[in-house]
Amino acid sequence: MAPLRFAANLDWLFLELPALPERLEAAGRAGFRAAEVPGPFAWDPALLRGAADRAGVGLVLINTPPGDQDKGEKGFGAVPGCQAKFREDLALAVKYAKALGCPRIHIMAGRVPAGAERAAVAVEMEATFIENLRHAADILVQEDMVGLLEPMNSRVTDPHYFLTTPHQAAGILEKVGRPNLQLQLDIFHCQIMDGNLTQNLEMYFPITGDTLEGLGWLRAYWASQGLQQHQD
């Protein structure tokens, strides 16, 4: 197995620095050679690329735009009736990824519409997601980029997010059938929804590419419980 390579998620690290370029430079000083920048869209991509290059940090992952979070939006990949918005946001994400030299884009699924029951809209939302993912795969392959699906747990983090388990994501990826779409496996979310991390890691590694998240969350949990971290 290839050695683990760690990337700093700048939505969570170095928050004492308000400016994203400064966080990139801080990540470099801390020894990181890679960084995840989920939401770069408020910044000039040339400014971010310059800061990353000066810091010796490669940008490895961005998200598609979440939308208006004050209105409860969290992406549009699976949201019926928002296909045009999804394509617009995907185009923006690709533009930024190209400028940043970033090879991966997390395609945000979005939330179950307000007032709707998850079970009642599940089939329509999955069909919408599959349609949008096929479009995304066609765009990303032209740029030699990978699209990632990240399930988020519905018990703690977001009860309304559509994509909640690796099992659900794997089923959608199989239906889409595009090799440049992969699972972004966050073990924090996976543990909350299903547990059995060892078995789940073995099961889903073949469709994760090289993206595994959540190690920092595990360390924080261990620390909160007063548990020791064991390393082989």
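The questions and answers below walk through a predicted model of one protein chain, from its overall make-up to single residues.

Residues are numbered from 1 along each chain as its sequence is written, and side-chain values use heavy atoms, with hydrogens and water left out. In this predicted model, local features need pLDDT of at least 70 and side-chain atom pairs count only at pLDDT 80 or more, whereas totals for chains, interfaces and linings use all residues.

User: How many helices and strands does the protein chain have, and what percentage of its residues count as buried?

Analyst: Helices (H or I, at least four residues) and strands (E, at least two) are DSSP runs numbered from the N terminus, and the protein chain has eight helices and eight strands. Buried means under 20% relative accessible area, exposed means over 50%, and partly exposed lies in between, with a 1.4 Å probe and protein chains only. Of the 232 residues, the share that counts as buried is 45%.

User: In what order do the six strands of the open sheet lie?

Analyst: Two strands pair if DSSP finds at least two bridges between them, and in this open sheet the pairing is parallel. Strand E1 (8-9) and strand E6 (181-183) are the edge strands, each pairing on one side only. The order is E1-E2-E3-E4-E5-E6.

User: Which residue in E3 stands opposite Glu 36, and what is the hand of the crossover from E2 to E3?

Analyst: E2 and E3 pair in the parallel sense over three bridges, and Glu 36 stands opposite Leu 61 in E3. The chain passes from E2 through H2 to E3 in a β-α-β crossover. A crossover is right-handed if, with the strands pointing away from the viewer, the path from the first strand over the helix to the second runs clockwise. The residue is therefore Leu 61, and by this definition the crossover is right-handed.

User: Which helix lies across E3 and E4, and at about what angle does it run to E3?

Analyst: Strand E3 (residues 58-63) and strand E4 (residues 104-106) pair in the parallel sense over two bridges, with Ile 105 in E4 as the bridge partner of Ile 62. The chain crosses from E3 to E4 through H3 in a right-handed β-α-β crossover. Axes are lines fitted to C-alpha atoms, for helices over the stretch in contact, and angles run from 0 to 180 degrees between N-to-C directions. The helix across both strands is H3 (residues 83-100), and its angle to E3 is about 175°.

User: Which residue in E5 is the bridge partner of His 106, and which residue in E6 stands opposite Leu 148?

Analyst: E4 and E5 pair in the parallel sense over three bridges, and the bridge partner of His 106 in E5 is Leu 148. The right-handed β-α-β crossover from E4 to E5 goes through H4. E5 and E6 also pair in the parallel sense over three bridges, and in E6 the residue opposite Leu 148 is Gln 182.

User: Which helix gives the most to the largest nonpolar core?

Analyst: A nonpolar core is a set of buried Ala, Val, Leu, Ile, Met, Phe, Trp, Tyr and Cys residues joined through side-chain atoms within 4.5 Å. The largest has 55 residues, of which Leu 10, Leu 24, Phe 129, Leu 163 and Ile 172 touch the most other members. With eight residues, the helix that gives the most is H4.

User: Which elements are included in what covers the buried residues of H1?

Analyst: H1 is mostly covered, with seven of its 10 residues buried, among them Leu 20, Arg 23 and Leu 24. H1 is followed by Gly 31, whose phi is positive, near 105°. Taking contact as heavy atoms within 4.5 Å, the cover includes E1, strand E2 (34-36), H2 and E3.

User: Why does Asn 132 count as buried, and which backbone oxygen does its side chain reach?

Analyst: Asn 132 lies in helix H4, and it counts as buried because its relative accessibility is 0%. Leaving out residues up to four places away in sequence, Asn 132 touches Phe 76, Gly 77, Gln 83 and Phe 86. At 2.8 Å, its side chain reaches the backbone oxygen of Gly 77.

Note on methods
A polar contact is a pair of N or O atoms within 3.5 Å; within protein, one must be able to donate a hydrogen and the other to accept it, and residues adjacent in sequence count only if both atoms are side-chain atoms.
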